[in-house]
Amino acid sequence: MELDESPKQQYSDKEKENIFNGEFMPHINSMYNFAYRLTLDQDDSKDLVQDTYLKAYRFIDSFQKGTNAKAWLFRILKNSFINDYRKKSKEPSKVDYQEVESYYNSEEVDRQITPDLRVEALKDMIGDEISNALNALDVDFRTVIILCDLEGFKYDEMAKILDIPIGTVRSRLHRARNLLKEKLSEYAKQMGYKNA
Amino acid sequence: MSNPDQPERKNECPNQRECMEMLQLIVDGEASPEQKEHFLMHHLEECMPCYRNYHLEVTLRELLKNKCTGQAPQELIDSIRAKVIPIDGR
């Protein structure tokens, strides 16, 4: 449970308001974007963000002022998504991480050539290709790209947000980026880049 | 030396797997200063596949940041504020 592990604070109403406005609300754009990329639905993402903020406010005494509010909020949002949204959505079942780990540790990684995508092709993708490619990834791969590449979380922060070991963060990122590049490489071919 | 066609760059990387891992640490800001210096200042100057991969990774991240982030709708912000303040007892 994310909400009851830190020591209880006793904030006054004024302090609560200051924390909420000063430390929580500044992350609203990142939170909305995370929710949208997870649910891929505007209404669901609004509900998810609102639920998360209300929950954060209700449990504000378990947040320590001055610590990483963004990571704390992202963790609540991620857990709400898993508990409330994922089960009712038609997301395909979870990635088999065992398979991912063994893939990462196998010799296949050595043989596997990075999808032959060129910078020039990438720079010509001025429409929705990047966004579509990201959205097309399985939600667990999508998540690590969002946390790392869009939001700039460190590996140890991602490990805490996702409740997984750092080694798994790294292998999942590696695999996610290769899948993303494969997708983009397909788009580049469609755009006429022969060698993309 | 920014010309990607430097003749002295090798076309095969002898340590592809290690380099891919190092590259990931660097673009994710998790590499030590020494690791960064060795890879960016020395290895990239002599290895074409890593030079290309590095620039691809950097470009991809820039694009992701520019294309896949947005702003929360104002109505959502207003709605959250409106719901939180009553809890506050005001």
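Asp163(A) counts as exposed because just 12 C-beta neighbours sit inside 10 Å; the cut-offs, on C-beta atoms placed from the backbone, are 20 or more others within 10 Å for buried, 12 or fewer for exposed, and partly exposed in between. The model is a predicted one, so local features need pLDDT of at least 70 and side-chain atom pairs pLDDT 80 or more, while totals for chains, interfaces and linings use all residues. Residues are numbered from 1 along each chain as its sequence is written, with chains lettered from A and ligands numbered from 1 in the order in which they are written.

Back to Asp163(A): this residue lies in the loop between H10 and H11 of chain A (helices are DSSP runs of H or I with at least four residues, strands are runs of E with at least two, and both are numbered from the N terminus). Its phi is positive, about 55 degrees, although it is not a glycine. Most residues other than glycine have a negative phi. Leu40(A), not a glycine either, also has a positive phi of about 55 degrees, and turns up in the loop between H2 and H3 of chain A. Leu40(A) counts as partly exposed, because it has 14 C-beta neighbours inside 10 Å.

Helix H9 (139-150) of chain A is a different story when it comes to burial. Its buried residues include Phe141(A), Val144(A), Ile145(A) and Cys148(A), plus Thr143(A) and Asp149(A). They pack against H2, H8, H10 (155-162) and H11 of chain A, and also against helix H3 (48-67) of chain B; two residues are in contact if their C-beta atoms, placed from the backbone, lie within 7 Å. After H9(A) comes Gly152(A), with a positive phi near 70 degrees.

As for domains, chain A is split into domain 1 (13-86) and domain 2 (97-190), with bounds from an automatic or database domain assignment. Each domain puts 11 residues into the contact. On the domain 1 side, H2 (28-39) and H4 (69-86) of chain A each supply at least two residues, and H2(A) gives the most, with five.

The contact between the chains takes 31 residues from chain A and 30 residues from chain B. Elements giving two or more residues on the chain A side include H1 (13-24), H3 (42-58) and H11 (166-190), and H3(A) has the largest share, six residues. By class, that side has 18 nonpolar, six polar and seven charged residues (Ala, Val, Leu, Ile, Met, Phe, Trp, Tyr, Cys and Pro count as nonpolar, Asp, Glu, Lys and Arg as charged, and the others, Gly among them, as polar).
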